[in-house]
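Q: I am new to this structure and would like a close look at one part of it. Please describe how a pair of helices is packed, and then how a strand sits among its neighbours.

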Amino acid sequence: MTPRWGMVIDLDRCTGCQACVVACQAENNVPINTEAIYLQHRAIQWIRVERYWEGEFPNIKARYIPVPCMHCSEAPCEPVCPVYATYHTPEGINMQVYNRCIGTRYCSVNCHWHVRFFNFWEPKWPESLHNQLNPDVSVRSRGVMEKCTFCIQRINHAEQNARLDNNRPLRDGEVNTACAQACPTRAIVFGDLNDPESEVAKIANTTDRGYKVLAELGTNPSVLYLKKIDPDAPAEHGAESA
Amino acid sequence: MRKGAMRRRDFLKLVATSTTGAVLFTGCGIGDGDPETEFKIESPALNPVDLVYGRDNWYATACQECPAGCGLIVRVFEGRAKKVEGNPDFPVNLGATCARAQAAVQELYHPDRIAQPLRLSGARGSGDYQATSWDDALAAFATELGGARGATLIITPPLAGPLGQVVASFAEAFDAQQVAFEPEERVVLREAVRRVFGTDTLPTIDLARAEFLLNFSADFLHSWISPVQFSRAYGEFRHGRADLRGTYWHVGPQMNGSAASADRWFPINPGTEGLVALAMAQVMVAEGLVDQAAAARAYPGITLADYTPERVAETAGISAEQITELARRFAQGTPSVAIAGTTAAAHTNGLFNVAAVLALNYLVGSVGQPGGIILNPSAPFGADVPGPAAGLAYRDWAGVINDLNSGRYRLVIVHGANPVYGLPAASGLREALGQAGKIVALSSFLDDTTLQADLILPVHTSLESWGLQAPDPGPGYQAVTLQQPVVNPFVDSRAFADVLIQAASAAGGALPWESYEAVIRAAVEELRGLRRGNVEAPDAEQYFMAVQAQGGWWDSDATADEAPTAPATPTPVAEPEYAGDPGQFPLFLLPYPSNALGYGETAHLPWLQALPDPMTTAVWTTWVELNPATADRLGVETGDVVRLVTPRGSEEMPVYVNPAAHPDVAAVPMGQGHTDFGRYAKGRGVNPLNLVEPATEAETGALAWAGTRVRVEATGRKVRFPRFEGQVPAFQLEEAPIVQVIPGTH
């Protein structure tokens, strides 16, 4: 069966340490976000950790939510691309084809999660840092959109190895995204949602804390969040406290 | 381009004539309307080129970005290190990494790495150097060394294991004095652990089996002693058990990155952690929740009855009811565990703060028990190999600085430590180094201390080096990481220990090893002699290779001896003292180690500079966090530049209005304010230690870097404040208040 790649992010495990953010940048040749880039509000983070506040001092809580691309099944970014640079792979990944992209940024406008990033500038690294760049991942040029790919290069690599190994199916855990692999609290779990035995599917199928961000838009994201438990919070309708 | 495919130029023409590009294909009847078969343009999803992969190799090694000693595996492709991952087998981090470990590759390929030996060509501190050859540099080093017997000072981080052995042997051969630099509050923590648990090694926390965690100020998930080890355990603590979610309460003056994950936060005045712990013990005894005799043993020489919540509440800045609530909850935990660190240890009463909190574990029987504090055994090295060493306390640095000023040292050797940055400017170390005859730095970067050197010998970064190290804290049993070079040296550098061995030989004091690799091999051979642990092999060579492949050696049966039942040495009660008159300096200055930059040792790495702070999301800068009410009173908002004035000095920086900030605290992250340290760190931000009055912790003499009061003055100027917050278009909030979701208002 064709995999459908997906992710579960447990917000009750996440501590906001941002190891995922650097791991992603290291794996995917994301340009260095300089101070000037931040001041221009053009920082590129394929996965970001948002922090938001609840309450007021002293009864205040800081909450974290790591946000990668949701890889929606009905992705609103896809139909608006005039050149089919955004498209959906048969394995459920929302891909950006860099050499089709002509930089209209329609996809970015149409993404409610703001996980598509435009290269306003040619990405530049000092010569010596080129040695770190991942040879499996294109460096995107100026004028091109880029985004989380669920580390497609790792998936392809693993699938190729499995084909060479008597064409066997991929095993759960054989491929992992950089963010999930780094995550110190194991808040991020990646895998094949179509494989009922995979860890990600087991969590997704059994949890009572699951929700999808902006689920009401009906885009069917492939990223499932497990909500933060707040023992002090007044009971919500239908919510269970641990 | 494949057959049947549309040419890109034709396609663009079509698009240009249609505003509805997306429906073009079905509408115009070109092809079958399925873009998957229509356009076989190269795609990164299934790119034919991508199907031919080069061969990558994965090598196990050890992380040196902080002292925690996590195991790593590094992807190496065509001789270049590409990506760092956690070693899934190594028991400290079990495959996970922090952000800093990921950035080790940027250290390796940093554009401002020192690429060849350098000789000072201008005035000291000018940064004017001339390249020289290794032969000349080593000869110069050996000459200095030979002429400075009994007058040499060696400054390193605390060194244990084989590297400690080499440096100790070197120091002995040249009658040199060896001092270690580490963040001062670690000195306090080590002493507290020695007193309370009787061990030289730091303990670990068995969070995965704990029910209740009470943390006093330690940023244990982000920057404290072994954050990845604790984060792994924290994940299990929360959701590793089907029927139990661990509960975490945080007591401390700041909602730091760890406190943000707590179920409840009890804001207290800085430095009152120990008093709160005593009051909790008093409540637990008074209410019969714990054994009175055990409490008396846990706090020898202290009359607990004197520390009622009512007596402590005002000093601590929380209510007596809250202290009682903390005590009851702690006594109820099954089991509970209490930890303290980071700013708690950085006060004039830091030792008392940490010791009083750690002793709480005795009250509930959590020492050496599942779910509690697990003591670590000593490292499995031979008797001639140094065990964990503590850094020098500030009081003792004062002695070293006096000696420097008196001209006692003809030669100063510095490696891996940056005390010119890490000790407060008030220490006078920078000026004292000017009195040293010669300064030789073995360093990869021109950091603040290296900048004072007369001769710089470039050394390997962690991914080019050998090493053997027992992580401190370990995982509760004996474990050793083997660090191996995963790539050839990128520049003309050498290993620190090899340079010592070569220089010693040239100076007529040959050490008993021919290379550092030989030292490591000998130490691994000693591990083989133990006949236990994770690796088995028929001979020495295969054994060494097996340890290399595994990334280390560990023996889960080699745990610590029976845990004690009471502290070995009493710690007297001490109340915090702050430098500065409260009338003139109304706020507490609270410097704190940064998640990404630590105490400044990773400020040269662009990924870490660009990594948003967990609480403020600020990047590339230094800021002061103020509570909204405090900021209102001063008439400032985020991005306004203020002047922080302490009895010691003043510095300017922008404000970040932090809704979780304690109203009486001005918190400033450490890490920035380097005089050099490469293009990404140089001249950026402020070192808050410039503001710190060099008061010391009463018992250990360590610097009380959180014990200074401060006044914040508006300057009327404003800067654009680089931060992640507001990057996402939907939350375009430049200089506008943070959106707060308050229950009941929506």
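A: In this predicted model, helix α10 of chain B (residues 273–286) passes α14(B) in a left-handed crossing. The partner helix, α14(B), covers residues 350–363, and the two axes lie 7 Å apart at an angle of about 25°. Because angles under 35 degrees count as roughly parallel, α10(B) and α14(B) are described as roughly parallel to each other. On the α10(B) side, the residues that meet α14(B) include Leu275(B), Leu278(B), Ala281(B) and Met284(B), while the residues of α14(B) that they meet include Phe352(B), Ala356(B), Val357(B) and Leu360(B).

Turning to the strand, β9(B) spans residues 212–216 and is mostly covered, with five of its five residues buried. Both of its faces are covered, since Phe212(B), Leu214(B) and Phe216(B) are buried on one side and Leu213(B) and Asn215(B) are buried on the other. β9(B) pairs in the parallel sense with β10(B), residues 247–252, over five bridges, and within that pairing Leu214(B) has Trp249(B) as its bridge partner. To get from β9(B) to β10(B), the chain passes through helix α9(B), residues 227–239, in a β-α-β crossover that is right-handed. β9(B) also pairs in the parallel sense with β12(B), residues 336–340, again over five bridges, and here Phe212(B) stands opposite Ser336(B).

Technical notes. Residues are numbered from 1 along each chain as its sequence is written. Chains are lettered from A and ligands numbered from 1 in the order in which they are written. This is a predicted model: local features need pLDDT of at least 70, side-chain atom pairs count only at pLDDT 80 or more; totals for chains, interfaces and linings use all residues. Side-chain values use heavy atoms; hydrogens and water are left out. Buried means under 20% relative accessible area, exposed over 50%, partly exposed in between (1.4 Å probe, protein chains only). Helices (H or I, at least four residues) and strands (E, at least two) are DSSP runs, numbered from the N terminus. Two strands pair if DSSP finds at least two bridges between them. A crossover is right-handed if, with the strands pointing away from the viewer, the path from the first strand over the helix to the second runs clockwise. Axes are lines fitted to C-alpha atoms, for helices over the stretch in contact, and angles run from 0 to 180 degrees between N-to-C directions. Angles under 35 degrees count as roughly parallel, over 145 as roughly antiparallel, 65 to 115 as roughly perpendicular and the rest as oblique. A crossing is left-handed if the near helix is turned anticlockwise from the far one by less than a right angle, and right-handed if clockwise. Contact means heavy atoms within 4.5 Å.
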